[in-house]
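Thanks for making the time this morning. I would like to walk you through one structure, going from its sheet to a central strand and then to the ligand, and I will try to be careful about what is said at each step.

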Amino acid sequence: MRYIDEFQDPALARRLLDDIRSTVTRPWALMEVCGGQTHTIIRHGIDQLLPDEIELIHGPGCPVCVTPLEVIDKALEIASRPEVIFCSFGDMLRVPGTGRDLFQVRSEGGDVRVVYSPLDALKVARRNPDREVVFFGIGFETTAPPNAMTVHQARKLGITNFSLLVSHVRVPPAIEAIMRSPGCRVQGFLAAGHVCSVMGTAEYPDLAARHRVPIVVTGFEPLDILEGVRRAVRQLERGEHTVENAYARAVRPEGNPAALAMLEDVFEVTDRAWRGIGVIPGSGWRLAGRYREYDAEHRFSVTGITTREPAACRSGEVLQGLIKPHECEAFGTLCTPRNPLGATMVSSEGACAAYYLYRRLELGPPQARPTAPPAQPTDPTAPLEASPVV
Ligand code: SF4
């Protein structure tokens, strides 16, 4: 498949690995800030194929995982109301709030529906004028434009029984917070290509310069990740810290002007709490004042929320890259995808789920990592994941 197969080519992967190996002379720690990239890394064993000097740290790049517990609890409270039809993408239904999740609300009689687009929720609102329809709008810069467009459309069509429960987050302030956090070990970033396809790259040069970290925008296939690592390591070895776009097939420096205009119209920047991390200044979006009547928090004025995280869950440390998922004592025992304690085990993009799914179950000393296979002629049709990497 075009744009997929050629970015999973094992022979090219080995060449990139050889290049990285010949470049690296000392330890470097890089962070990917995207759950999709984390899953590619673990699925294909890319972290194990890299030289031992290079550590990949999984950052807070899973949108479901960073949605604050307080917002999940507000969703549960709103979804429980008899007049409400609560619409959400499916991956939010199993995210644990304080004591229950949206599936449980549904089992107790709540009208909770899975939709595949916020516009589907708007259709539900048109068909049910006597009910209040709420869409759970979470995520990074990637999901914010369609949610903004839906609110814009609701007002244009005069649909007044629709509202958005908003918990959108922005990547650059999170990078800033990570670099300022005590004990931060990150020396370079792989920035998420889909975020930059919306936002462009203008927010990154200042971050790279101030914190003296290379930031390489890259994609989601194995060769994208390896090329991102190659470029970041090359910069680090040379003492450079600039922004590079290694995902030019999707990212333009100016981003997507139509999406940016929609964001500018509907949302305004606000401080936002990230689950397990805390409040990061300027790291979120909320509905702008002129759209306030479409804000579910405003419409339902949910108060009296008291949140409680499971004591055993260390997802905050996972999200900050302070521990790997299998270093959590509950991993694979008390906490599994079937019985998750934290959002990082529920979400399809969560790091804990990736480690569980791809059987990264045991801790091993760095020297126990398998070394990459030698560069030699291989079957170019064999998928990279067929390599003995896990
Ligand atoms: S393994 Fe489970 S309990 Fe541990 S950090 Fe991940 S989600 Fe939380």
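What you see here is a predicted model, and I will begin with an open sheet, in which six strands follow one another in the order S4-S3-S5-S6-S11-S10, with mixed pairing. Strand S4, residues 111-114, and strand S10, residues 267-274, stand at the edges with a single partner strand each, so one side of each is left without a neighbour in the sheet. On average, and ignoring direction, neighbouring strands of this sheet are turned by 25° against each other.

Within that sheet, strand S3, which covers residues 84-88, runs parallel to strand S5, residues 132-139, and four bridges join the two. If you would like one pair to look for on the screen, take Cys87, whose bridge partner in S5 is Phe135.

Now to strand S7, residues 188-192. Is this strand mostly covered or mostly open? It is mostly covered, since five of its five residues are buried. In a regular strand, side chains alternate between the two faces of the sheet. In S7 both faces are covered, with Gly188, Leu190 and Ala192 buried on one side and Phe189 and Ala191 buried on the other.

As for the partners of S7, strand S1, residues 28-32, pairs with S7 in the parallel sense over three bridges, and strand S8, residues 215-218, also runs parallel to S7 and is joined to S7 by four bridges. Leu190 is a useful residue to follow here, because that residue of S7 is the bridge partner of Glu32, and Leu190 also stands opposite Val216 in S8.

Let me turn to the ligand. There are 16 residues around the ligand, and those that come nearest are Cys313, Cys328, Cys335, Gly342 and Cys352. Helix H15, residues 315-319, and helix H16, residues 343-346, are the elements that give two or more residues to this shell. By class, the shell has twelve nonpolar residues, three polar ones and one charged one.

The last residue I want to show is Gln320, which is found in the loop between H15 and H16. Why do we call Gln320 buried? Because 24 other C-beta atoms lie within 10 Å, and a count of 20 or more is what buried requires. Leaving out residues up to four places away in sequence, Gln320 touches Pro60, Ser181 and Ile277. The C-alpha atoms of Gln320 and Ala177 are separated by 9.9 Å, although these two residues are 143 residues apart along the chain.

Technical notes: Residues numbered from 1 in each chain as written. Predicted model: local features only at pLDDT ≥ 70, side-chain atom pairs only at ≥ 80, totals over all residues. Pairing = 2+ DSSP bridges. Axes fitted to C-alpha atoms, helices over the stretch in contact; angles between N-to-C directions. Near = placed C-beta within 6 Å. Nonpolar A, V, L, I, M, F, W, Y, C, P; charged D, E, K, R; others polar. Buried ≥ 20, exposed ≤ 12 C-beta atoms within 10 Å, placed from the backbone. Contact = placed C-beta atoms within 7 Å.
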